[in-house]
Amino acid sequence: MSAQVIEMETIPSIEIETTKESKLSKIDFDNMPFGKTFSDHMLICEYYDGKWQTAKIQPYQNISLSPACNVFHYGQAIFEGMKAYYKADESGIVLFRPKKNLERLNKSAHRMSMPEVPESLFMDGINKLIELDKDFIPKTAGSSLYIRPFLIGTEPFIGVRTSDRYLFMVIIGPTGPYYGEAISVLVHDTYIRATKGGYGSAKAAGNYAGTLYPVELAKKMGYKDVLWLDGEHKKYANEVGTMNIFFVIDGKLVTPNTDGSILEGITRDSIITIARDLGYTVEERPIDIEEIIAAHETGKLTEMFGTGTAAVVNPINRFGYKGKDYLLDDTAFVIAPRVKTALVNIQKCIDQDKFGWITTVI
Ligand code: COI
């Protein structure tokens with residue numbers, strides 16, 4: 001193992017231990033389903049005695065934890081999703097709005113009573129990890145390097161209280177699109193994902209765990225995923241769990257306002273900005289499912305799509321509600337492909353970064 005220490009500004013250092021045997025030659029860049037392939041290295045940093053310890057980049061490997069850790073019992077676990085891209089001309093590697101991910105991670109940390117991750121640990125750690133594993137970044141259109149930072153409570157204690165030990169880690173891997181095609185969603189009127197006053201806007205593992213069973217039910221009914229309604233009235237569109245939701249009604253883009261129960265998506269925010277810049281009207285407001293159905297019946301609902309880091313902009317061509325299916329022709333969508341292209345062209349540095357969203361890694 002070769003080891004070197006890179007001096008950092010505000011965290012002590014990052015110790016680097018490189019792998020003896022790279023997995024790169026085994027990666028099939030023509031077949032990269034989301035979330036199954038990881039690069040050679042990972043970032044790991046412990047928090048205890050009230051402070052962050054020395055961060056390490058080490059070969060990707062299993063970790064060993066006490067079975068009494070908080071994360072296994074009370075679920076102090078939050079994460080982020082971000083992506084690195086090769087510029088289209090392959091002249092460098094960039095990240096898309098990484099500081100927004102850090103900001104959201106630390107908002108999630110606050111809500112879940114966890115310590116904030118310092119900017120230097122997050123940014124320098126991720127940059128260094130990407131630099132080391134840059135050959136895992138796919139160059140083909142529609143592909144990128146997915147980055148999964150996460151933070152878990154690791155104190156070995158089974159009393160119900162905030163952990164006093166944590167582990168911050170980042171794993172990365174090449175990926176293609178999350179869905180890769182238009183999807184169908186079931187509008188669940190029985191189960192809910194989150195409600196105001198809960199922690200729906202935190203990117204917390206528990207928000208996803210609670211959706212797995214209803215999503216399985218939806219899959220058995222022939223839908224790909226679930227469009228959640230709000231927890232209080234079970235009538236306002238919330239999000240798709242993997243994505244924020246957008247509708248095109250009467251030529252206007254309409255998306256649920258961030259009320260604390262939906263994820264404050266960075267792709268959501270980028271699409272709103274891009275759409276407004278392209279001259280579209282965007283309304284952020286509560287959207288009653290009955291309004292969606294009425295708009296569908298009168299032909300005013302012309303598009304429906306989800307946005308997310310993993311999913312990018314993904315068309316929805318069917319939704320089911322109370323035993324009835326509503327179809328949309330995604331091949332006739334206009335706004336979704338237009339805003340998607342504008343977003344991807346910024347991410348791949350094809351178009352000018354007029355909003356200042358791009359950060360260079362190397
Ligand atoms: C992402 O889009 O990066 C996410 O974290 C959503 C995930 C559940 C696939």
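1. Two strands count as paired here if DSSP finds at least two bridges between them. The model under discussion is predicted. By that criterion, strand β14 (residues 252–255) and strand β15 (residues 282–284) pair in the parallel sense, over three bridges. Within this pairing, threonine 255 of β14 faces its partner across the strands: it stands opposite glutamate 284 in β15.

2. What does the chain pass through on its way from β14 to β15? The connection is helix α5 (residues 266–277), and the resulting β-α-β crossover is right-handed.

3. β14 has a second pairing, with strand β13 (residues 244–249). Those two strands run antiparallel and are joined by three bridges. Isoleucine 249 stands opposite lysine 252 in β14. Together β13 and β14 make a hairpin, with two residues between the strands. One point to check in the turn is aspartate 250, where phi is positive, at about 55°.

4. The crossover helix also packs on another helix: the axes of α5 and helix α7 (residues 335–347) lie 10 Å apart, at an angle of about 110°. Angles of 65 to 115 degrees count as roughly perpendicular, so α5 is roughly perpendicular to α7. On the α5 side the contact uses Thr267, Ser270, Ile271, Ile274 and Ala275. The α7 side supplies Val339, Ala342, Leu343 and Ile346. By class, the residues of this contact are seven nonpolar and two polar, with no charged residue.

5. A further helix pair is α2 (residues 98–111) with α3 (residues 119–132), whose axes come within 11 Å and cross at roughly 135°. Is that arrangement perpendicular or oblique? The angle lies outside the ranges for roughly parallel, antiparallel and perpendicular, which makes α2 oblique to α3. The crossing is right-handed.

6. As for which residues make the α2–α3 contact, α2 contributes Pro98, Lys99, Asn101, Leu102 and Leu105. From α3 come Glu119, Phe122 and Met123. This set divides into five nonpolar residues, one polar and two charged. The α5–α7 contact, by comparison, has no charged residues.

Conventions
Residues are numbered from 1 along each chain as its sequence is written. This is a predicted model: local features need pLDDT of at least 70, side-chain atom pairs count only at pLDDT 80 or more; totals for chains, interfaces and linings use all residues. Side-chain values use heavy atoms; hydrogens and water are left out. Axes are lines fitted to C-alpha atoms, for helices over the stretch in contact, and angles run from 0 to 180 degrees between N-to-C directions. Helices (H or I, at least four residues) and strands (E, at least two) are DSSP runs, numbered from the N terminus. Angles under 35 degrees count as roughly parallel, over 145 as roughly antiparallel, 65 to 115 as roughly perpendicular and the rest as oblique. A crossing is left-handed if the near helix is turned anticlockwise from the far one by less than a right angle, and right-handed if clockwise. Contact means heavy atoms within 4.5 Å. Ala, Val, Leu, Ile, Met, Phe, Trp, Tyr, Cys and Pro count as nonpolar, Asp, Glu, Lys and Arg as charged, and the others, Gly among them, as polar. A crossover is right-handed if, with the strands pointing away from the viewer, the path from the first strand over the helix to the second runs clockwise.
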